[in-house]
Amino acid sequence: MSTCTYTTGGEWDNVVHNDESAQAKADRLNNPTIDKSTQELVQWIQDLYASGAKLWTKEMLSNIEAQLAQNPVPEAISIRSRTQVNGKNIVQLLPPSPPVTNSGGGEIPSVCSLTVHFEMYQMIIERAEQSMLESNREHYSRFTPDEIRMLAAQGVRIYFATFGKSSIEYSKVKPSWVQARKNWLNSSLCRELSNILGSTVSISNAVTKIVCFGLGSLATSIENPTRMADDGLPVHGPGTQHAAALTLATVLGERFGKEPLHVMVQDPAYSEADKKILEEVGIEVIGGFGSLGFTHVDEETIVFSCHPNIPVRQIVADIAKPAAMIWNKGRDSEEGAEYKVFERQGKEELSTPYSTDHDSARTRKLLQDYDEFDFPNCYSRFGDLAIYVRKG
Ligand SMILES: C[S@@+](CC[C@H](N)C(=O)[O-])C[C@H]1O[C@@H](n2cnc3c(N)ncnc32)[C@H](O)[C@@H]1O
């Protein structure tokens with residue numbers, strides 16, 4: 001099989017528009033110059049997507065994870081994409097390690113690691129609209145038209161990413177988790193959720209596990225200033241969300257006359273203290289490079305996520321039809337979506353029209369086969385979630 005080799009950090013990455021004001025950037029992104037070649041590229045991607053070509057498959061993600069897990073890490077990763085052109089495979093040279101820090105005695109920061117980055121559909125289209133702009137032509141001229149199509153339509157790239165991992169030790173995180181879990185177990189919300197999952201909804205008894213994405217770090221959340229919820233108790237979003245995952249496991253296990261369901265969680269922000277605490281309560285922390293969790297999602301899975309920084313809904317819609325999903329409500333719209341300039345601390349910044357877990361035509365199609373139920377209303381701890389249960 002022939003390949004198209006590229007590297008991040010220069011070749012296929014966004015063109016850097018130095019010294020561009022926030023307003024100029026908003027204008028460029030909101031009103032790209034759509035010439036004929038841009039139109040053709042965008043149309044090609046839209047048609048490919050409409051034909052059902054997947055941006056992500058489980059095989060592709062497990063293959064990438066297996067390559068990244070090699071020791072030593074290879075210089076290049078082969079990405080088998082369903083959006084490939086003329087049978088070509090993409091080979092991405094891995095980016096160089098990030099610069100060495102001065103402060104820590106010359107070591108690479110431990111929070112910086114190779115990570116699978118997901119490019120959601122809206123960003124793929126936006127990038128394609130931008131790539132053929134007159135001012136960007138030279139940047140992309142090294143690729144053939146086939147390579148441009150293939151690279152423009154790819155759903156993953158590998159980066160070094162920095163995650164703000166908390167260094168708060170176990171002995172401080174544990175009491176906060178114990179308190180958050182106790183508060184949750186004593187709450188009316190916990191009873192409400194237990195009733196919904198324990199009797200109201202009709203859920204497949206073949207369900208075996210709960211796979212959670214982006215529930216957040218227990219340790220990081222205690223570093224933030226304490227906020228109080230309407231019930232007068234402190235908000236501890238990640239603590240409450242992990243406690244709720246355990247409740248789901250217990251209630252559904254009881255309902256089906258089984259042991260509590262297996263709970264797996266993926267969040268690159270987990271600290272060592274988080275991992276220890278979660279493992280103590282029987283939660284499996286998924287390792288890997290940011291995509292391994294998706295390889296565990298199947299028809300017998302419940303997916304649980306709260307405001308993840310990755311497009312969980314779009315990825316799941318490509319790879320599986322879970323028994324149920326508890327995740328953000330499908331309410332985003334691209335109609336009139338615009339970048340806007342706003343001021344923060346005297347500086348102009350850009351607000352994006354897309355959430356990190358934006359929905360898509362494909363997520364909306366997936367939900368047609370699900371019944372929607374309200375998630376107990378507690379915005380401060382869970383945000384705006386809904387429960388989706390596969391029909392029949
Ligand atoms: C906006 S925070 C929400 C945290 C928590 N759910 C809450 O409500 O406070 C988004 C979370 O997504 C996580 N995240 C980023 N990349 C991820 C990945 N590849 N898989 C799972 N979670 C990820 C971040 O580390 C972060 O904890």
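Colleague: How many Å does helix H10 reach from its first C-alpha to its last?

Modeller: In this predicted model, local features need pLDDT of at least 70, side-chain atom pairs count only at pLDDT 80 or more, and totals for chains, interfaces and linings use all residues. Residues are numbered from 1 along each chain as its sequence is written, and side-chain values use heavy atoms, with hydrogens and water left out. Helix H10, a DSSP run (H or I, at least four residues) numbered from the N terminus, spans residues 237-255 and has 19 residues. The expected 27 Å, at 1.5 Å a residue, is close to its actual reach of 26 Å.

Colleague: How many residues of H10 are buried?

Modeller: Buried means under 20% relative accessible area (1.4 Å probe, protein chains only). H10 is largely enclosed by the rest of the structure, because the buried share of its 19 residues is 16.

Colleague: What is the direction of H2 relative to H4?

Modeller: Helix H2 (residues 36-50) and helix H4 (residues 121-131) have axes 8 Å apart and pack at an angle of about 160°. Axes are lines fitted to C-alpha atoms over the stretch in contact, and angles run from 0 to 180 degrees between N-to-C directions. Angles over 145 degrees count as roughly antiparallel. H2 is therefore, relative to H4, roughly antiparallel.

Colleague: Which residues in H4 meet H2?

Modeller: Contact means heavy atoms within 4.5 Å. From H2, the residues taking part are Thr38, Leu41, Val42, Ile45, Gln46 and Tyr49. In H4 they meet Tyr121, Ile124, Ile125, Ala128, Glu129 and Ser131.

Terms used. Helix = DSSP H or I, 4+ residues; strand = E, 2+ residues; numbered from the N terminus. Parallel < 35°, antiparallel > 145°, perpendicular 65-115°, else oblique. Expected span 1.5 Å × (residues − 1). Buried < 20%, exposed > 50% of the residue type's maximum accessible area, 1.4 Å probe, protein only.
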